[in-house]
Amino acid sequence: MSIILDKLSSDLNTNSPLIIAGPCSAESQQQLLSTAYSLKEIGIKIFRAGIWKPRTRPNSFEGVGEIGLEWLKNVRLETNMKIMTEVANPNHLDDILKNDIDMIWIGARTTGNPFAVQEIANALKGVDIPVFVKNPLNEDLNLWIGAIERFHNSDIKQILAIHRGFFAYGSQKYRNIPQWQIPVELKRIMPSIPLLCDPSHIAGHRSLVKEVSQTALDLNFDGLMIESHINPSEALSDKEQQLPTNELKKLLSNLILRENNISDDDVAVSLKGLRSQIDSLDLDLIEILIKRMTIAQKIGLKKKDNGITILQPERWEYILKDRVLNGKKGGLSNEFLILLLRAIHQESINIQTNIMNRNL
Ligand code: PEP
Ligand code: MN
């Protein structure tokens with residue numbers, strides 16, 4: 001376990017996964033307190049609520065502002081939970097530090113703005129507070145890493161990351177697509193930064209929060225931040241995705257915690273056998289791709305000699321349709337096949353472009 005997580009878990013006297021819960025927004029003292037009492041009862045130790053809400057369109061509920069910090073402090077007083085809220089600029093941070101809030105998170109829209117992140121990081125110099133950094137809205141891992149580095153450079157000791165999915169125009173199933181490979185890559189590059197998942201903003205609807213939470217835990221995430229409201233139908237923001245506290249209780253007790261280590265010898269042996277099959281198939285795949293690209297090279301030369309363009313849309317259309325059809329027969333998903341074929345086709349175009357431009 002990472003040192004940061006170790007410290008937080010022991011401060012909170014809890015085991016991982018770390019669970020943070022609370023409403024999307026603070027709406028009234030009454031709403032915060034009743035949600036908090038109910039969450040405390042199910043064992044939640046960190047309470048979240050947004051005070052300043054970054055909304056996509058104006059004239060939506062933009063948060064209650066500074067008064068909400070007083071309400072949050074009352075939650076701490078009454079329940080002994082740690083309290084956390086979102087910071088988007090140094091003025092928010094000023095108010096938060098004056099009010100001695102326990103933890104902060106940087107929202108997705110702020111992480112995507114290096115100026116804002118740097119200003120907050122500068123204002124945090126010398127302050128010891130856990131900072132949770134959400135991924136930016138767009139699928140830019142470096143922007144996420146960059147924000148973490150800015151806090152690191154300000155000497156913040158407790159930095160954690162939160163995966164909340166990525167904006168995709170017309171996204172269908174989820175409000176924000178998970179693109180799990182991006183947080184997994186973050187974990188590979190920055191293994192000491194604990195990684196949490198916010199399944200609520202990925203799911204966009206409460207019925208999907210459980211499956212996203214389970215996937216996150218199956219991918220070794222260190223914790224979850226889940227939106228929960230005492231009465232979601234009256235919530236002033238994100239009402240579709242917030243869980244009533246009793247549903248959160250059910251979700252948490254049904255989550256399956258799997259082991260990262262393989263302790264059973266028989267399982268280890270059979271996994272090893274299956275993995276060596278994968279290793280050898282991967283080598284075959286690479287072998288075939290090399291052969292395919294060698295032919296693409298020959299095609300490039302032929303096109304160059306005969307003054308033909310690289311891209312022939314009907315041919316590409318045919319390849320895509322034909323391969324997707326065949327792959328789907330074998331149970332491969334449409335999404336995967338299209339991604340794979342696009343990557344192969346792009347590499348083929350790159351090779352042919354090099355040939356065309358050689359000795360211009
Ligand atoms: C939130 O947590 O309520 C929030 C605004 O999240 P995000 O920045 O991930 O959209
Ligand atoms: Mn929200």
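Colleague: Is E70 buried, partly exposed or exposed, and what is its relative accessible area?
Modeller: Three classes apply, namely buried (under 20% relative accessible area), exposed (over 50%) and partly exposed in between, with a 1.4 Å probe and protein chains only. In this predicted model, E70 falls in the partly exposed class, with a relative accessible area of 39%.

Colleague: What kind of model is this?
Modeller: Residues are numbered from 1 along each chain as its sequence is written, chains are lettered from A and ligands numbered from 1 in the order in which they are written, and side-chain values use heavy atoms, with hydrogens and water left out. Local features need pLDDT of at least 70, side-chain atom pairs count only at pLDDT 80 or more, and totals for chains, interfaces and linings use all residues, the model being predicted.

Colleague: Which residue forms a salt bridge with K73?
Modeller: A salt bridge here is a side-chain nitrogen of Lys or Arg within 4 Å of a carboxyl oxygen of Asp or Glu. K73 is partly exposed, at 24% relative accessible area. The N to O distance of its salt bridge is 3.6 Å, and the partner is E70.

Colleague: Why are K73 and E70 separated by about one helical turn?
Modeller: Helices are DSSP runs of H or I with at least four residues, strands are runs of E with at least two, and both are numbered from the N terminus. Helix α3 covers residues 67-79 and holds both K73 and E70. The two are about one helical turn apart because their spacing in α3 is three residues.

Colleague: How many residues apart in sequence are the parts tied together by D102 and R76?
Modeller: The closest N and O atoms of the D102 and R76 salt bridge are 2.9 Å apart. R76 belongs to helix α3, whereas D102 sits in the loop between α4 (90-98) and β4 (103-106), so the pair links parts whose separation in sequence is 26 residues.

Colleague: With which residue does E185 form a salt bridge?
Modeller: E185 is partly exposed, at 29% relative accessible area. Its partner is three residues away in helix α8 (residues 181-189), about one helical turn. That partner is exposed, with a relative accessible area of 57%. With the closest N and O atoms 2.7 Å apart, the partner is R188.

Colleague: How many salt bridges does the count come to?
Modeller: Side chains of opposite charge can pair when their charged atoms come close. By the rule given for K73 and E70, the count comes to 14.

Colleague: How many residues of the shell around ligand 1 are charged?
Modeller: The shell, whose members each have a heavy atom within 4 Å of the ligand, includes C24, K53, W105 and H201. Ala, Val, Leu, Ile, Met, Phe, Trp, Tyr, Cys and Pro count as nonpolar, Asp, Glu, Lys and Arg as charged, and the others, Gly among them, as polar. The shell has three nonpolar residues and two polar ones, and the charged residues number seven.

Colleague: What percentage of the area that ligand 1 exposes taken alone does the protein bury?
Modeller: Polar contacts are pairs of N or O atoms within 3.5 Å. Oxygen atoms of ligand 1 have such partners in a polar side-chain atom of R48 at 2.7 Å, a backbone N or O atom of A108 at 2.8 Å and a side-chain N or O atom of E227 at 3.2 Å. Taken alone, ligand 1 exposes 290 Å² (Shrake-Rupley method, 1.4 Å probe), and the share buried by the protein is 97%.

Colleague: What accessible area do L285, I286 and I290 have together?
Modeller: Nonpolar patches join side chains of Val, Leu, Ile, Met, Phe, Trp and Tyr within 5 Å, from residues with over 30% relative accessible area and no salt bridge. I286 lies in helix α12 (residues 265-305) and is partly exposed at 49% relative accessibility. L285, I286 and I290 form a surface patch of this kind, with a joint accessible area of about 300 Å².

Colleague: How far apart are the C-alpha atoms of Y318 and E70?
Modeller: Y318 is in helix α13 (residues 313-329) and is partly exposed at 45% relative accessibility. Along the chain, Y318 and E70 are 248 residues apart, and their C-alpha atoms are separated by 63 Å.

Colleague: How far apart in space are I51 and W71?
Modeller: I51 occupies the loop between β2 (46-48) and α3, and it is buried at 0% relative accessible area. I51 and W71 are 20 residues apart in sequence, and their C-alpha to C-alpha distance is 10.0 Å.

Technical notes. A polar contact is a pair of N or O atoms within 3.5 Å; within protein, one must be able to donate a hydrogen and the other to accept it, and residues adjacent in sequence count only if both atoms are side-chain atoms. Patches are made of residues with over 30% relative accessible area and no salt bridge: like charges are joined within 9 Å, nonpolar side chains (Val, Leu, Ile, Met, Phe, Trp, Tyr) within 5 Å.
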